[in-house]
Amino acid sequence: MEIGQPPPQGEGVARNVRFTTLDNLVKWARSSSLWPLTFGPACCAIEMMGASMAKSDLDRLGVFFRPSPRQADVMIVAGTITQKMVPVMKRLYEQMAEPKYVIAMGSCAIGGGPFAESYSVLRGVDEVLPVDVYVPGCPPRPEGLIYGIMKLQEAIRRGETRGEKG
């Protein structure tokens with residue numbers, strides 16, 4: 001085919017048209033537009049903030065932090081959760097839009113960390129919320145959180161998340 005000539009019938013369509021189901025399109029849209037709640041009760045929140053800065057640039061993945069649970073669909077639990085904080089965390093989770101997802105970030109959120117033997121510390125967020133992705137470390141690097149977000153996006157596209165209903 002020469003430059004300036006129209007493509008033969010069907011060849012242009014094969015290059016420019018994709019076929020999929022509506023369900024796959026919705027999963028792609030949800031995974032490409034995650035809005036995490038700015039919820040950082042402890043030191044891992046500094047690393048979460050670092051992941052949203054210009055060097056890491058979560059915006060390129062479609063991740064935009066939201067200040068309100070009514071605008072968010074992802075809760076990143078970044079740090080130690082005390083027993084006193086559990087009702088607040090549950091209330092924030094219940095106010096989030098469906099479908100909603102949870103990322104447990106850091107050793108404290110995953111299993112209590114060095115404070116696990118304390119009477120006032122929750123020994124893992126998964127005791128009260130359905131966690132989709134675990135990001136280990138104390139504190140985990142921003143790159144670890146970005147990797148966790150990418151894993152969450154893959155799980156949403158496959159339909160393998162715990163937060164989805166239906």
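Three short exercises follow, each worked on a predicted model.

**Exercise 1. Helix α3**

Task: Find which residues of helix α3 are buried, where they sit around the axis, and what covers them.

Solution:
- Start with the range. Helix α3 covers residues 44-51.
- Pick out the buried residues. These are Cys44, Ala45, Glu47, Met48 and Ala51.
- Look down the axis of α3. The buried residues fall within an arc of 155°, so they line one face of the helix.
- Now turn to the cover. Among the elements over the buried residues of α3 are β2 (74-78), β3 (101-105) and α6 (142-158).

**Exercise 2. Lys100**

Task: Decide whether Lys100 is buried or exposed, and find which backbone oxygen its side chain reaches.

Solution:
- Locate the residue. Lys100 lies in the loop between α4 (86-95) and β3.
- Apply the cut-off. Buried means under 20% relative accessible area.
- Lys100 has 7% relative accessibility, so it counts as buried.
- Follow the side chain. It reaches the backbone oxygen of Tyr93 at 2.9 Å.

**Exercise 3. Arg60**

Task: Place Arg60 in the chain, classify its exposure, and find its polar partners.

Solution:
- Locate the residue. Arg60 belongs to the loop between α3 and β2.
- Apply the cut-off. Exposed means over 50%. Arg60 has a relative accessible area of 55%, so it is exposed.
- Check the side chain against backbone oxygens. That of Ser56 is reached at 3.3 Å. That of Asp57 lies 3.2 Å from a polar atom of the Arg60 side chain.
- Add a C-alpha distance. Arg60 and Ser32 are 28 residues apart along the chain, and their C-alpha atoms are separated by 9.6 Å.

Methods: Residues numbered from 1 in each chain as written. Predicted model: local features only at pLDDT ≥ 70, side-chain atom pairs only at ≥ 80, totals over all residues. Heavy atoms only, no water. Buried < 20%, exposed > 50% of the residue type's maximum accessible area, 1.4 Å probe, protein only. Helix = DSSP H or I, 4+ residues; strand = E, 2+ residues; numbered from the N terminus. Arc of directions from axis to C-beta. Contact = heavy atoms within 4.5 Å. Polar contact = N/O pair within 3.5 Å; in protein donor to acceptor, adjacent residues only side chain to side chain.
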